[in-house]
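Trainee: Could you take me through one part of this model up close? I'd like to look at the sheet, the helices lying on it and whatever space is left between them.

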Amino acid sequence: MFKKKKSKTKSGTFPATECYIYSMKSGISRTEAFEDKLLAGYSCNPLIKCCNKCTYCSSGACLRMHPAFKQFNKDPYDIGYGIVDPDAPEKVARDAGRIRERGTVMLSTTVDSWCYSARQHHLGRKCLEAILAEPDWSVRILTKNHEVEEEFDIAEQHRDRVLVGLSITATADKSDIMQVIEGNASPIEERIRVIRKAHEMGLRTYAMFCPLLPGIADAPEQIDELVQFAESVGAEEIFSEAVNPRGKSLTLTQQVLEDAGLLDEAKSVEAIRNRKNWSVYTLRLIQNLQRSVRKYSDINKLRFLLYPSGLQTEHRKQIEADNAGIIWL
């Protein structure tokens, strides 16, 4: 284990980040869950825990039984620390060479390969190189950090095999609020700049508006702005979803918003801790996205990732009546 002191990046200064070293067995894995989401058939996660400090993250709930958390005596729901495998690129290269049935690899699905902890070992770049060194693989990049632009030289060399995406979780005017709940990720305006740069370079892009939080990023005018942005950067697909209420995500998000004095936003998050209110929020979000995509883009591009178990029966029926762009999970 090693600890990092306060570090200054282009995104600003953020608190000391603990980083733990853990050796993983595989580099590329089949991922039926993300294949169902129409994102990728394979995943590459060179970390177990990233340090973006996203309070709403559901990865802790998904990975809570991983032995690394027990080994380091860490709570999987806590934020602000990383668990990385510096040797992951070698494992990725091994798997990329030996897997016969090839397709799209998502870099990454449960973590961010360009978070601060990952960048200390250049994991994003090295894994991208390792995958693309083998024929017949394509890569879907997803990150919240602008440093991914340093890898655009690789993407240019393989432009038909790389899809660039930065998770944009609000409009730029809400950047200060999002920095409270995505503490170590790049500011929204930086993510927008980088995806625009990718488009200007002729790289393939897609939009990822996940999640769009209530009272922060779900108003019709905000959704219109995001959809028009996606269209302006040539996004091949527009992904979105409601915030996942699993684990401690909503409680933690509400808490940090309250601590920052953002009381109205905190109340909006608190409200959807109630199942019926979450269902109402999800229905409205879907309807606003469908309306906006139909107006400013192409409804065939919409990919709304929906876990229906939390929906009220009446709301589910309304969604089923117009399920354009819905991926039922």
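Mentor: Here is a walk through the sheet and its surroundings, with a few backbone details at the end. Keep in mind that this is a predicted model.

Start with the sheet. There are 9 strands in an open sheet, and the pairing is mixed. Going across, the order is β5-β6-β9-β10-β11-β12-β13-β14-β15. At the two edges sit β5 (29–30) and β15 (326–328), each of which pairs on one side only. As a reminder, strands of a sheet pair through backbone hydrogen bonds, either parallel or antiparallel. For a parallel example, look at β13 (residues 235–241) and β14 (residues 302–306), which are joined by 4 bridges. Within that pair, Phe239 stands opposite Arg303 of β14.

Now add the helices. Helix α10 (residues 220–232) packs on the sheet, where it touches β12 (204–209) and β13. The direction of α10 makes about 170° with that of β12. Helix α13 (residues 275–296) packs on the sheet too, touching β13, β14 and β15. Its direction makes about 175° with that of β14.

Which residues are worth clicking on in these helices? In α10, try Phe229. Phe229 counts as buried because its relative accessibility is 11%, and the cut-off for buried is under 20%. Setting aside neighbours within four places in sequence, Phe229 is in contact with Ile168, Ile192, Ile195 and Arg196. Also have a look at Tyr296: 67 residues separate Phe229 from Tyr296 in sequence, yet their C-alpha atoms are 9.6 Å apart in space.

In α13, go for Asn288. Asn288 has 17% relative accessibility, so it counts as buried as well. Beyond its neighbours within four places in sequence, Asn288 is in contact with Asp218, Pro220 and Ile223. Pro220 and Ile223 fall in the residue range of α10, so this is a spot to view with both helices on screen.

Next, the empty space. Rolling a probe the size of a water molecule over the atoms shows where empty space is left. Here the count comes to 1 cavity of 30 Å³ or more, and about 40 Å³ of space lies in it. Its lining is made up of Leu166, Ile168, Ile195, Tyr206, Ala207, Met208, Phe209, Phe229, Ala230 and Val233. You'll recognise Phe229 from a moment ago, along with two of its contacts, Ile168 and Ile195. Strand β12 gives the most to this lining, with 4 residues, and β12 and α10 each supply at least two. By class, the lining has 10 nonpolar residues, no polar ones and no charged ones.

Set that against the second largest pocket, which holds about 160 Å³ of space. Its lining consists of Met24, Lys25, Ser26, Gly27, Ser29, Arg30, Thr31, Ser43, Cys44, Asn45 and Thr109. Those residues divide into 2 nonpolar, 7 polar and 2 charged. Ser29 and Arg30 take you back to the sheet, as their numbers are those of the edge strand β5.

Finally, some backbone details in the loops. Following β12 towards α10, you come to Pro211, which lies in the loop between them. The peptide bond joining Cys210 and Pro211 is cis, with omega about -15°. There's another cis peptide bond from Leu107 to Ser108, with omega near 15°. Ser108 belongs to the loop between β9 (104–107) and α5 (116–119).

Past α5, the loop leading to α6 contains His122. His122 has a phi near 55°, a positive value in a residue other than glycine. Helix α6 (residues 123–132) is mostly covered, with 7 of its 10 residues buried. Those buried residues are Leu123, Gly124, Cys127, Leu128, Ala130, Ile131 and Leu132. Asn73 also has a positive phi, about 55°, although it is not a glycine. You'll find Asn73 in the loop between α3 (67–71) and β8 (81–84). Is Asn73 buried or exposed? With a relative accessible area of 70%, Asn73 is exposed.

Technical notes. Residues are numbered from 1 along each chain as its sequence is written. This is a predicted model: local features need pLDDT of at least 70, side-chain atom pairs count only at pLDDT 80 or more; totals for chains, interfaces and linings use all residues. Side-chain values use heavy atoms; hydrogens and water are left out. Two strands pair if DSSP finds at least two bridges between them. Contact means heavy atoms within 4.5 Å. Axes are lines fitted to C-alpha atoms, for helices over the stretch in contact, and angles run from 0 to 180 degrees between N-to-C directions. Buried means under 20% relative accessible area, exposed over 50%, partly exposed in between (1.4 Å probe, protein chains only). On a 1 Å grid over the protein atoms alone, a cavity is a set of points where a 1.4 Å probe fits but cannot get out, and a pocket is an open set with protein on both sides within 12 Å along at least five of seven lines; lining residues have an atom within 4 Å of a point. Grid points are joined across faces, edges and corners, and a volume is the space filled by probe spheres set on the points. Ala, Val, Leu, Ile, Met, Phe, Trp, Tyr, Cys and Pro count as nonpolar, Asp, Glu, Lys and Arg as charged, and the others, Gly among them, as polar.
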